[in-house]
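Me: I would like to go through this structure term by term, asking each time what earns a contact its name. Please set each value against its definition.

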Amino acid sequence: MEDAAFTFLWVGIALYALLAGADFGVGLWVLAARFAGRGDDIRKAAFGYFGPVWEVNGLFMVFWIVTLYAAFPRATRVLATALIPLVLAALVMFVIRSAAYAMLHHGPERYRGVSTWAFGISSLVAAAGLGYAAVAPVSGFIRGDEVENAFYTSAVALTAIPLTLAAVAHLAAVVLAAYAAERHPPVVEWFRRAALGAGLLVLPLTVVFTIALADQVEYVKDRLTDPVVIPMVLGGVLIFLGTVALWRRRFTRAALLVFGGYFAGLVGGAFVPYPYMVLPELTIAEAAAPDASLLGYLIVTGAGAPLLVAALLALYHTALGPGRDGDRVRAT
Amino acid sequence: MDDLLAGRAQMGISLAFHIIFASLGVGLPALMAMAHFVALKKKDEVWLRLTERIARTFTVLVVIGVISGIVISVELALLWPDFMERAGPVIGVPISLETYAFFFEAIFLALYLFGRDRLSPWAHWACLIPVCLGGMLSAFIIVSVNAWMNTPVGFDYVDGEFRNPDLVEAVFNPSMPGEVLHMIAAAYVATGFACAAVYGTAMLRGRRGRYERAGLGLGMTLVAFWILPLGVGGDLAGRLLHENQPAKLAAMENLRETEKGAGLTVGGLVIDGENRFGITIPYGLSLLVGRDPDTVVKGLNEFPESERPPVAPVRYGFTVMTAIGTLIAIGFLAYWFGRWRRPRLLESRWLLRTLVACGPLSFVAIEAGWIVTEMGRQPYIVYGYRRVSESLTTSSLVDVMLFVFTGLYVLLAVVCVVALRSELKLTPERASPKVA
Ligand code: HDD
Ligand code: HEM
Ligand code: HEM
């Protein structure tokens, strides 16, 4: 039962990482567009996408955090205590990012410059901080309720940062290209090139990160030749196919493939340290709540999931799908 | 500052901030649904404009409300890891159900705000129903979790852990009915008065058109639906305290000795631990909590010093809440009496001023009520089982956290005001949602 809850946890984390990760990437591209002199155009397209979905995407964080509370209370204590500096920093960035978004989207024009900066930078720092924190449980540096200081300067932690940033930039560009293809044709090419560039970066960064991780953690190294890595390889293949689709300007297909690829990679990756949840301190079984709670959690989550998926699809379709003519910003 | 105090202060500040947006998050969808309903039925421009204003206000408040909620949900574990570890198996599942309520609220709100062009008018309106239900459901669940902290049931307590959880019993704990009914009603009443206050202000400034009157009437209609449940809920909450949390009740009334036929002291100050300058209604408290003048009410003397909540803040919180409760009841009655019999009363500056004051004051009452609830539970985090002092994180960052987050809340408050003002001034073409 705890394995089922663990799978739900990672489905939640993966959906958060993909959807909210893409939203963090939006911050990067909005900032980049300012430098490229395309500020207004790109920002409009980016926020056209971001506006309807950011709240729902961000909720996946609440979803997986609450799963941690309900199903893995012991892991909650360990992680909340050990990772407090990183989580705090990320929270601060979240708040700044929301404030900047409120100003950009609803506030007066004159704060646009500073809000764009604040939005872009807080998005990036938050993403980097989360990536940094996310590797701690597999890095072997958490002992008791504390993370050893060596973690902060370890190769695993430091290579996780650029990888996270490249991945969120990649995700954002892919989804924005698909969105722009439906609604903002003038900026499609810009996002297409951005996506291809970011995708190219992700590849070597993944290799470097994997080497660093295997070098640091014996247990992970031994598992690299195990069938457990199949989903991750599959994920890589999907991302590759997605890139090909992007090259051929099949934007929606590209977005679905790339998202599917990262999803497989993340959920698959979570099972590499199996049966550990926090390596080597806590196994999934040790971290789990009593059976009655797990059962309650699985019933609630299992029953709600189909409804949630249906409602999400309705939203993404309505807000992002093919628009009516009036929605299109025509190429001039 | 002592870490425990810093942790408690941070929790209090965060929740005090969140509850404003949460209450509006429960209430505003109902206002929008009502206004939009009238607009569609009567095909009336004025009501459409009203709907659109509320929708625009709401889109800004949601940004701030959501981030404040996310901060709290993470803070719970950062500040009180021991509490979350022990209580997680009991309260985690209800909270995960709450996540679904959030999802549906957020999804249908987005559909409502961005789907106008793609939905038929009534389907578009119907998106508000899940938004309303989602807000109500999330308030129900989180308050029932809080009620569980006040009257924990549904587990076996073994070696400091809550084992064998019975989740249904935990959610439907003894304090739940009073707290939930009272809080949900408070959210609607406060939102109704906030709306009335906005349009009352406009009327005081001389804009007395159909639009302003409609806005005032809309707010007061929402109040009309919920003010009775608010009173019933408060009364119920008080009686449940008598049964389940006598220490809190004793602190609210500063009842020093157990008494049969206890009086109700209204107003006044707590000086050197004594009630001074208040008016005491004989047998009042016994009548209220037991429906019988001979009811025995436990005094603070029944509890060892180390188990008593701090009396002054709890007592003052209760005084402020009930005083405001009385004032808003008067404002409410006067307005509807005017609508019914004395149209001239509706033009009176005094009535308008009272209604305008009721807007912010009902939020003050909500804050005061939570001070009663939360400080009245001290020194326990889970009443009778776990103390707040045992639950605090061992991290040394607690006081840093307090300062940083207090600063961030100030930033959020400023941004909220600036963004709201700008959003409401925008021309329709630049404005984000166009519902009408
Ligand atoms: C519009 C706001 C408002 C108003 C006018 C009142 N209250 Fe209240 N009260 C709340 C808003 C509130 C609240 C913020 O919603 C609380 C905090 C926790 C809760 O469940 O409701 C609360 C708590 C609360 C509690 C403690 C519940 C507990 O700890 O279990 C009691 C006994 C009362 N109230 C009683 C009253 C009475 C007798 C009122 C009538 C004069 C009253 N309240 C007016
Ligand atoms: C939103 C309205 C609320 C407000 C304004 C509020 C206010 C406060 C205050 C002032 C404190 C500090 C009390 C003290 O230490 O003397 C506190 C503590 C706390 N509250 Fe609340 N509260 C609210 C709702 C909730 C809810 C719904 C929950 C649970 C789900 C909750 C959980 C806690 C916890 C865990 C603490 C820390 C432990 C403690 O001091 O007992 N609060 N809150
Ligand atoms: C009496 C107490 C509370 C009530 C009535 C309440 C109700 C609400 C409502 C109605 C919203 C939607 C806000 C909006 O759309 O603007 C909301 C948001 C949120 N609340 Fe609270 N809440 C309370 C306390 C808490 C506590 C203690 C937590 C932490 C566990 C919490 C976590 C959240 C989160 C994460 C969100 C954002 C969800 C979203 O995206 O809509 N709330 N709350």
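**Ligands and chain contact**

Reply: Let us begin at ligand 2, where a nitrogen atom of the ligand is 2.5 Å from an N or O atom in the side chain of B:Glu374. This is a predicted model, in which local features need pLDDT of at least 70 and side-chain atom pairs count only at pLDDT 80 or more, while totals for chains, interfaces and linings use all residues. Residues are numbered from 1 along each chain as its sequence is written, chains are lettered from A and ligands numbered from 1 in the order in which they are written, and side-chain values use heavy atoms, with hydrogens and water left out.

Me: What makes B:Glu374 a donor of the iron atom of ligand 2?

Reply: Donors are N, O and S atoms within 2.8 Å of the metal (3.2 Å for Na, K and Ca), and water is not among the atoms, so sites may look incomplete. The OE atom of B:Glu374 is at 2.1 Å from the iron atom of ligand 2, and therefore counts as a donor, the only one from protein. B:Glu374 is found in helix H13 (residues 349-375) of chain B, where helices (H or I, at least four residues) and strands (E, at least two) are DSSP runs, numbered from the N terminus.

Me: Why are the approaches of B:Arg8 and B:Arg377 to ligand 2 called polar contacts?

Reply: A polar contact is a pair of N or O atoms within 3.5 Å; within protein, one must be able to donate a hydrogen and the other to accept it, and residues adjacent in sequence count only if both atoms are side-chain atoms. An oxygen atom of ligand 2 is 2.4 Å from an N or O atom in the side chain of B:Arg8, and a polar side-chain atom of B:Arg377 lies 2.9 Å from an oxygen atom of ligand 2, so both pairs meet the cut-off. In the shell around ligand 2, H1(B) gives the most, with six residues.

Me: How do you know which protein atom holds the iron atom of ligand 3 as a donor?

Reply: The NE2 atom of B:His18, at 2.1 Å, is the only protein donor of that iron atom, and B:His18 lies in helix H1 (residues 3-42) of chain B. A nitrogen atom of ligand 3 is also 2.9 Å from an N or O atom in the side chain of B:His18.

Me: Where does ligand 3 lie with respect to the chains?

Reply: Ligand 3 lies between chains A and B. Among the nearest of the 24 residues around it are A:Leu59 and B:Trp370, a residue being near if one of its heavy atoms lies within 4 Å. Polar side-chain atoms approach oxygen atoms of ligand 3 from both chains, at 3.3 Å for A:Glu55 and at 3.4 Å for B:Glu105.

Me: Why is the pair B:Glu85 and A:Arg74 called a salt bridge?

Reply: A salt bridge is a side-chain nitrogen of Lys or Arg within 4 Å of a carboxyl oxygen of Asp or Glu. The side chains of B:Glu85 and A:Arg74 meet at 2.6 Å, N to O, so the pair qualifies. The count between chain B and chain A is three salt bridges.

Me: What makes up the area buried between chain B and chain A?

Reply: Buried area is the accessible area (1.4 Å probe) that two parts lose on being put together, summed over both. Between chain B and chain A it is about 5500 Å², of which carbon and sulfur atoms give 77%.
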